[in-house]
Amino acid sequence: MKRVINFMAIRHLAFALTLLLTVVALGSLIFKGLNFGLDFTGGTLIELGYEKPVALDQVRSQLGAAGYTDAVVQSFGATTDVLVRMPGDDPQLGAQVAQALQASDADNPATVKRVEFVGPAVGEELRDQGGLGMLLALGGILVYVAFRFQWKFGFGAVVSLFHDVAVVLGVFAFFQIPFDLTVLAAVLAVIGYSLNDTIVVFDRIRENFRMLRKADLIENINISTTQTLLRTLATSISTLIAVGALMIFGGENLWGFSLALFIGVGAGTYSSVYVASTLLVWLKLTRDDLIPPVAEEVDERP
């Protein structure tokens with residue numbers, strides 16, 4: 001057998017780190033809270049049309065110089081169409097924004113095509129539905145893993161996913177990074193990615209319980225994690241490279257999405273070993289837990 005890495009030798013240190021990260025993340029969520037974007041808080045949406053193609057960074061700098069520092073600018077179809085989102089419900093806001101942009105660049109004037117207001121009630125509904133969807137996803141995962149493996153595996157997987165989500169949300173709350181629908185989508189994607197990573201390790205642990213009959217649980221986890229290490233590293237590193245490229249070249253609109261994925265993939269790789277597997281040790285998983293109970297025969301003789 002190849003050299004086995006003793007991952008569980010530092011499980012107590014890893015637990016201390018996990019506990020610290022989780023407490024800091026939850027503390028940031030409680031005391032600072034998430035900096036919800038316009039998708040959740042409401043605001044005004046303005047669609048602008050230009051005569052010639054315009055750079056989004058140029059529009060952002062022009063709006064910032066005019067005092068609209070909270071504006072979110074993104075392309076909308078053609079290179080001459082721009083979508084601006086900003087807080088406020090003033091009916092004249094669209095005309096004011098267009099006037100400010102025209103004053104900044106008279107050679108390429110902007111015209112208002114559409115102005116819409118998204119109320120805070122709609123944003124609150126989106127926020128509540130997003131949170132409910134996340135809770136339902138975690139609940140469904142608990143049932144799925146418990147049914148496929150055993151309830152101790154299910155508990156470990158859900159706690160691991162909770163850790164990953166808490167770390168991502170904690171970073172966004174601590175640094176007050178805007179949290180919008182794209183970031184929420186990234187958090188849900190992190191749940192799926194982390195679960196897949198955890199399931200691979202769990203599946204190997206269950207398989208090795210049958211093959212390595214003399215190995216105890218800690219030895220089994222070390223062997224199983226070592227056997228899946230190359231697969232885990234290849235998947236995680238390739239994903240991080242792709243997400244990192246998205247962070248650098250994806251622009252401002254995708255930066256929060258890619259940052260959430262980057263943090264979540266790193267946290268998910270860590271938690272699949274030092275959260276999910278460590279909990280199996282504390283729950284004292286045994287080979288007997290994976291053996292289905294034998295139905296007792298009922299004696300029907302009189």
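User: What makes α10 stand out in the lining of the largest pocket?
Analyst: Its share. In this predicted model, α10 supplies 5 residues, the largest share of that lining. Other elements also supply at least two residues each: β1 (35-36), α2 (38-41), β3 (72-76) and α7 (181-211).

User: How many residues line the largest pocket, and which lie nearest its centre?
Analyst: The lining has 24 residues. Nearest the centre are Gly37, Val72, Pro178, Asp180 and Glu252. The volume of the largest pocket is about 580 Å³.

User: What makes a residue part of that lining?
Analyst: A lining residue has an atom within 4 Å of a point of the pocket. The 24 residues are counted on that basis.

User: Back to α10. Why is threonine 269 called buried?
Analyst: Threonine 269 belongs to helix α10, residues 252-274. The relative accessible area of threonine 269 is 18%. Buried means under 20%. The value falls under that limit, so threonine 269 counts as buried.

User: How do you know that threonine 269 makes a polar contact with serine 236?
Analyst: The distance tells you. The two side chains make their polar contact at 2.7 Å. The cut-off is a pair of N or O atoms within 3.5 Å, so the distance passes. Serine 236 also appears among the residues in contact with threonine 269, together with Tyr193, Asp197 and Thr232. That list leaves aside neighbours within four places in sequence.

User: Why is valine 168 called buried?
Analyst: Valine 168 sits in helix α6. Its relative accessibility is 1%. The limit for buried is under 20%, so valine 168 qualifies.

User: How far apart are valine 168 and alanine 267, in sequence and in space?
Analyst: In sequence, 99 residues separate them. In space, the C-alpha to C-alpha distance is 8.3 Å. Valine 168 is in contact with Val187, Ala260, Ile263 and Gly264, leaving aside neighbours within four places in sequence.

User: What makes helix α8 largely enclosed by the rest of the structure?
Analyst: Count its residues. Helix α8 spans residues 217-227, and 8 of its 11 residues are buried, so it is largely enclosed. The buried ones are Leu217, Asn220, Ile221, Asn222, Ile223, Ser224, Thr225 and Thr226. They pack against α7, α9, α10 and α11.

User: Why does threonine 278 count as buried?
Analyst: Threonine 278 is placed in helix α11. At 1% relative accessibility, threonine 278 is under the 20% limit, so the label is buried. Threonine 278 touches Met8, Arg11 and Val273, not counting residues up to four places away in sequence.

User: Why is alanine 245 called partly exposed?
Analyst: Alanine 245 lies in helix α9, residues 229-249. Its relative accessible area is 34%. Buried is under 20% and exposed is over 50%, so 34% falls in between. Alanine 245 and alanine 215 are 30 residues apart in sequence, with 43 Å between their C-alpha atoms.

User: What makes the phi of glutamine 176 worth a look?
Analyst: Its sign. Most residues other than glycine have a negative phi. Glutamine 176 is not a glycine, yet has a positive phi of about 55 degrees. Glutamine 176 is found in the loop between α6 (151-174) and β6 (178-179). Its relative accessibility is 34%, between the 20% and 50% limits, so glutamine 176 counts as partly exposed.

User: Why is lysine 284 called exposed?
Analyst: The relative accessible area of lysine 284 is 64%. Exposed means over 50%, so lysine 284 meets the test. Lysine 284 is in the segment after α11 (276-282). Lysine 284 also has a positive phi of about 55 degrees although it is not a glycine.

User: Which residues does UniProt list for "transmembrane region"?
Analyst: The unreviewed entry lists residues 130-147, 154-175, 181-202, 229-249 and 255-283. These ranges come from the record, and such annotations may be inferred rather than shown by experiment.

User: How much helix do residues 154-175 hold in the model?
Analyst: That stretch is 95% helix and 0% strand, and its end C-alpha atoms are 32 Å apart. Residues 130-147 are 100% helix and 0% strand, with end C-alpha atoms 26 Å apart.

User: How is the chain divided into domains?
Analyst: Domain 1 takes 7-36 + 122-289, and domain 2 takes 43-118. Their C-alpha centres lie 39 Å apart.

Definitions and conventions: Residues numbered from 1 in each chain as written. Predicted model: local features only at pLDDT ≥ 70, side-chain atom pairs only at ≥ 80, totals over all residues. Heavy atoms only, no water. Helix = DSSP H or I, 4+ residues; strand = E, 2+ residues; numbered from the N terminus. Domains from an automatic or database assignment. Buried < 20%, exposed > 50% of the residue type's maximum accessible area, 1.4 Å probe, protein only. Polar contact = N/O pair within 3.5 Å; in protein donor to acceptor, adjacent residues only side chain to side chain. Contact = heavy atoms within 4.5 Å. 1 Å grid on protein atoms, 1.4 Å probe; cavity = no way out; pocket = protein on both sides within 12 Å on 5 of 7 lines; lining within 4 Å. Points joined across faces, edges and corners; volume = space filled by probe spheres on them.
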